[in-house]
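Here are some exercises to work through with the model open in your viewer. Try each task before you read its solution.

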Amino acid sequence: MNKILNFFEDKIPNCKCYKTYKFCFDTKEYPTSDYNDHKDFKVRKSGETEKHDSYISLEKRMKSEITSLFRFFLDGSRRTYKVDDIAIGNRVFPIIAGQIGVGCCERVDKDTFKPIKLENGLVVSIPECSDKDGSDKYFFNNLLMKLNELSFLKQKNLEFKKILTYRDSKTYENDQYENLAIAKIQDEMIQQEKEVVKSLVREKLINQDSYLLKDGSLEYSEKGVEDKSFRLSLIKSNYQHVVGVSKSFNPELCDDGKTKSMAKKIAELPLYSRTPAFLLEPNIIQDVKFCVWYVRIRDIKRTISPFDGIVKIEKILIKDNEMRNGLESEDVDMISANICNERNPVAYGSDKRWANHLYPVFLTESYIKSKYLSDIYYLNLF
Amino acid sequence: MGKLIGKIAAVEKNPTTIDDFYFWTDKNIILNPFDVVKVEHISKSITYGVIEEISHITDAASFLSSFISNDFGNVDSISYTNRIGMNYVKAKVIANSSNIYTPVHDGCKVSLADKKDVEYALGLSNIKNPLPCGFLEMYDGADKIQLPVHFNSNFIIGPEGAHLNISGISGLASKTSYAMFLIKAIQQTYLLKEKQKAKERDTKDSVAFVVLNVKGRDLLALDEKNDKLSDKDKKIYEMLNISCNPLENVKFLYPYSSKNESNTYADSEDIQEQIEMKKAFKYKYIYENDKTKLEMMFSNIDDSSQTMESILTFISNDQGKFNNIRYWNEFLEILKEYCQKGATSDKEISVQSWRKFNRIVKTAINSNKSIFANRTDENQSEIRIEDMIKEIKKNEIIVVDIAKLDENMQAFVFGDVIQSIYQLKLGQLSMREDIPQKIIVFIDELNKYASKDAPKDSPILKSIIDITERGRSLGIILFSAEQFKSAIHDRVKGNCSSHAYGRTNAIEIAKNDYKYIPHVYQGMMTRLKQGEYIVQNPIFSSLLNLKFPNPVYKQYKNG
């Protein structure tokens, strides 16, 4: 069968497919260096209007937050597959296929949780040198068009959204090529996330009473963004009512300016409390400032590690006074209290990250994953 | 398609099969076991299923997840989101519009059925020889539908199938009411046929009923109107095309009572009134005519050595001193003589056997002295049951009251009724040409006469087995009722074509008789309301949960 691989062998000049063993990479997402916490994360300034030296308890505030601030929940996910090794010229490159899913769900009321957006697509990542001339800007578009014309794909009503290309100008080991290819798929997923946020804003769905909670960091690197109009600095106004909540983070990367690391302080965060918010200005994202803080939503007695039960919260600073003075502490407390109130139900038994997971996000993630083609089915298209 | 309620879910652990399928539905949609649903299937066909089980699940992996989701056991904890949950329903495939029985496909739409769909699915449409047997209620609120259900009478009173067994605990199950509801429907159907006789091809088809009243005054006013019948019940009767008038052509046979003792719960004034209207009679047993029936007194006596049978034959053949005896007191005296040591030279029957025989017979006769009489006086409306049965006419209902008699006497009378009907149908009692083609006998507390533990040679058990096995061809149909079906002899219940299960208890349901019934239906049997039965009949493609209205005849408080 190997229909797609035969197609590549046929259409990419001077190449040979080895029909190697196909497999799915660990379905668990792992961050690339371009994503999530940044290695140059140095926090020295306060990110909120009031100055706090220690933890801020949220228990009182939680009780007053009867209705939730968050109405929409966004998550992006991708699954990557090594489908073959391809020889182009004297070098061998991996072909990495991917399924991308970005979805947004709306919580209408306690019992009604429904999807409102779903962007899912099939992509394949191949080396740039597949275009032998390296100058034909239409080569990959034509390749995609011809790929989607394959009769067996049409019969199955399947269509590839993009053929992504990874850089091969330097000589890497094979697994480094794989990482480059996967990073491309990751960038594509982030692009789709941005598009979904953009459409929510355009449709005026998110506002001061209906926030969007995005799973993961908002610190989108501008490195991999090919379409300049999607640079965070240009679209940050879309994120006025968006909060990023990360389940995992590297506490060692956070420095409050007084001690070397804030890890101990974060670990010892009492239940339903937050750290002071810090201002973050990542070097890799120009003209964008973030307000970042940590909140403990589960009792340390109930978790297996000190950082379980703590989530990292990010909010992009948009207004001028926010950029100058940081986010209103009142807003930080309100967001934090709402996040604490989202702690139940839990995905205990269904997800190992249950202590850091927020249930609506878990549902959104489950919805997106339910829309994936099965691994065996997808791999057998190649 | 009707109102969409969900989609088929064929999963690894619970695939759809030829026999059943699963579908998911909103947790707030109210569905019930026995509701019919329809599914879009291949070749534009429709598969119909009847709901067997409804389960509610959430994504909680374990009870522990639920505990943890409440802040580790805090009963006051609240959340912005309720755990995602849905109902999934197991349904049994009962029909397909194009006879396609390959399993339904995952993702196919499932919807509620309308009246026509339900009729088609359950095999209720185009029923020949329709006989109302209750009504179905399905779905809830605005979607609720109600439709009449009919038996094909050929499958309940022959010739295709016969006999009905009704089970359920006393009081709530209203077994007698259901049997009488069916008898009312049958009588009305045949009375209508009678009127249209000229148009009917089968003019010989006729029916009569013999009903035994075993409890209070339950059946002693079958021909009197139920003034307390509600408008709701009247509407149901109208839907079923049954009139609200009481039963017709009813005759009551009461055990003869002397001035000193009453053998019936009926009011003596009522009896007198009925007698004047030629509706009531008093039955007696006369030695000359009824001595052969003495065997009925031994229905619960184990006679493995057949000595009792030898004595009965001895007496029936007027052997020995039993020759030329006319009255019961003479009989008892002769019997007493046989019990004396050395009174008989007959070596086959020992004195001990005579004594045992004497003890049983003497007790029965002496405790019912007024019934075991010397003669009947027709002017006083005194009769023998056999004579009344011999003259039974079509569409007539004979009610034999045995409620106040002791258990052995009840068995004696019931045995007499059964044997009289049997002999009538065999042509041994009468050569009449207008003997009703079918005689339906209704007896409550069948467990007293056809119990699993009854002696094998019990004459009544033998008669009942005969009726259930051969009665269909003879035209004797048994409508029987009992509290616990499991107590009934296998050959008796095995030969019943229809079964109605009323409310019963968990111990009964654990018995083998209920093994074929799906688990959820078994549970439902312990919760059935009064006037509700789970009915099995060969023409229905599934068990049906039927309801029926209150009786059209007068109901006495406290029986």
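**Exercise 1. A residue and its surroundings**

Leaving aside its neighbours within four places in sequence, with which residues is V399(B) in contact?

Solution. Keep in mind that this is a predicted model. Start with the contacts that have the lower residue numbers: V399(B) touches V211(B), N213(B), L219(B), L220(B) and L222(B). Then go on to V250(B), K251(B), F252(B) and L253(B), which complete the list for V399(B).

Next, place V399(B) in its wider setting. Together with I440(B) and V441(B), V399(B) has the most contacts inside the largest nonpolar core, a set of 155 residues. Helix α11 of chain B, residues 407–425, supplies the largest share of this core, with 10 residues. Another core lies apart from it and has 93 residues, including A97(A), C104(A), I126(A) and L269(A).

**Exercise 2. The layout of chain B**

Describe how chain B is built, from its secondary structure up to its domains.

Solution. Begin with the elements: chain B has 15 helices and 21 strands. Of its 559 residues, 44% count as buried. Now turn to the contacts between residues at least 6 apart in sequence: 77% of them in chain B join residues at least 24 apart.

The domains come next. Domain 1 covers 4–114 and domain 3 covers 288–367, while domain 2 is put together from 150–196, 205–220, 233–284 and 378–547. How many Å separate the centres of domain 1 of chain B and domain 3 of chain B? Taken over C-alpha atoms, the separation is 68 Å. For the overall dimensions, the C-alpha atoms of chain B fill a box of roughly 95 × 60 × 45 Å along the principal axes.

**Exercise 3. Backbone details**

Find the cis peptide bonds before P345(A) and P159(B), then look at the positive phi values of N249(B) and S381(B).

Solution. In chain A, the bond from N344(A) to P345(A) is cis, with omega near -5°. P345(A) sits in the loop between α9 (329–341) and α10 (359–370) of that chain. In chain B, G158(B) and P159(B) are joined by a cis peptide bond with omega of about 5°. The loop that holds P159(B) runs between β8 (145–152) and β9 (164–167) of chain B.

Now for phi. N249(B) is not a glycine, yet its phi is positive, at about 50°. N249(B) belongs to the loop between α4 (231–239) and β11 (250–255) of chain B. S381(B), also a residue other than glycine, has a positive phi near 60°, and lies in the loop between β14 (372–373) and β15 (382–383) of chain B.

Does S381(B) count as buried or exposed? Apply the cut-off of 20 or more other C-beta atoms within 10 Å. S381(B) has 21 such neighbours, so it counts as buried. N249(B) has 17 C-beta neighbours inside 10 Å and therefore counts as partly exposed.

**Exercise 4. The contact between the chains, and confidence**

How many residues does each chain bring to the contact?

Solution. Chain B contributes 17 residues and chain A contributes 17 residues. On the side of chain B that touches chain A, the residues divide into 6 nonpolar, 8 polar and 3 charged.

Finish with the confidence values. The predictor gives the complex an ipTM of 0.79 and a pTM of 0.79. Chain B averages a pLDDT of 89, and 97% of its residues score at least 70.

Technical notes: Residues numbered from 1 in each chain as written. Chains lettered and ligands numbered in written order. Predicted model: local features only at pLDDT ≥ 70, side-chain atom pairs only at ≥ 80, totals over all residues. pLDDT = per-residue confidence, 0-100. Contact = placed C-beta atoms within 7 Å. Nonpolar A, V, L, I, M, F, W, Y, C, P; charged D, E, K, R; others polar. Helix = DSSP H or I, 4+ residues; strand = E, 2+ residues; numbered from the N terminus. Buried ≥ 20, exposed ≤ 12 C-beta atoms within 10 Å, placed from the backbone. Domains from an automatic or database assignment. Core = buried A, V, L, I, M, F, W, Y, C linked by C-beta atoms within 7 Å.
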